[in-house]
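Good morning, colleagues. Please take a moment to look at the sequence and the model before I begin.

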Amino acid sequence: MMLNMRTTLTIEPDVAEKAKLATQTTGMTFKELINEALRCGIDQVTAPRPSRRYRTKARSLGLKRGLNYDNVADLLAQTEREDYR
């Protein structure tokens, strides 16, 4: 069962002007046009936005001479100038 709801809306002047022009071109009544616009608008506002895939570009950082990349503890000690031995 569909119930009609009567309410008061404050429509900004630019929107009202667009709606009045649209009634002339579509042949719809003002009420029909506003209801159809609200249907479309509500669907668009509540639809989940498509997510964009997040991508990063890999780039080579290069290797520094004299560092041992096979042992992380030694590498950290060398880069932080620690003498833990």
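**Surface patch, salt bridge and pocket**

I begin with the nonpolar surface patch, to which helix α2, residues 30-46, gives the most, with three residues. Please keep in mind that the model before you is a predicted one.

Which residues make up this patch? They are L9, I11, V15, F30, L38 and I42, and together they form a nonpolar surface of about 510 Å². One of these residues, V15, is found in helix α1, which covers residues 13-26. Is V15 buried, exposed or partly exposed? With a relative accessible area of 42%, V15 counts as partly exposed, because that class runs between the 20% limit for buried residues and the 50% limit for exposed ones.

I turn next to the charged contacts. The structure holds one salt bridge. The partners are E36 and R39, whose closest N and O atoms are 3.4 Å apart. Where do these partners lie? Both belong to helix α2, and three residues separate E36 from R39, about one turn of the helix. E36 has a relative accessible area of 35%, so this residue is partly exposed.

Finally, I come to the largest pocket. How much space lies in it? The volume is about 660 Å³. The lining of the largest pocket consists of 14 residues, and those nearest its centre are M5, R6, T7, K31 and N35. Sorted by class, the lining has eight nonpolar residues, together with three polar and three charged ones.

To close, I would ask you to find two places on the model: the salt bridge between E36 and R39, and the pocket centre with M5, R6, T7, K31 and N35 nearest to it. Thank you for your attention.

Key
Residues numbered from 1 in each chain as written. Predicted model: local features only at pLDDT ≥ 70, side-chain atom pairs only at ≥ 80, totals over all residues. Heavy atoms only, no water. 1 Å grid on protein atoms, 1.4 Å probe; cavity = no way out; pocket = protein on both sides within 12 Å on 5 of 7 lines; lining within 4 Å. Points joined across faces, edges and corners; volume = space filled by probe spheres on them. Nonpolar A, V, L, I, M, F, W, Y, C, P; charged D, E, K, R; others polar. Patch = residues over 30% accessible without salt bridge, like charges linked within 9 Å, V, L, I, M, F, W, Y side chains within 5 Å. Areas by Shrake-Rupley, 256 points an atom, 1.4 Å probe, with all protein chains shown as cover. Salt bridge = Lys/Arg side-chain N within 4 Å of Asp/Glu carboxyl O. Helix = DSSP H or I, 4+ residues; strand = E, 2+ residues; numbered from the N terminus. Buried < 20%, exposed > 50% of the residue type's maximum accessible area, 1.4 Å probe, protein only.
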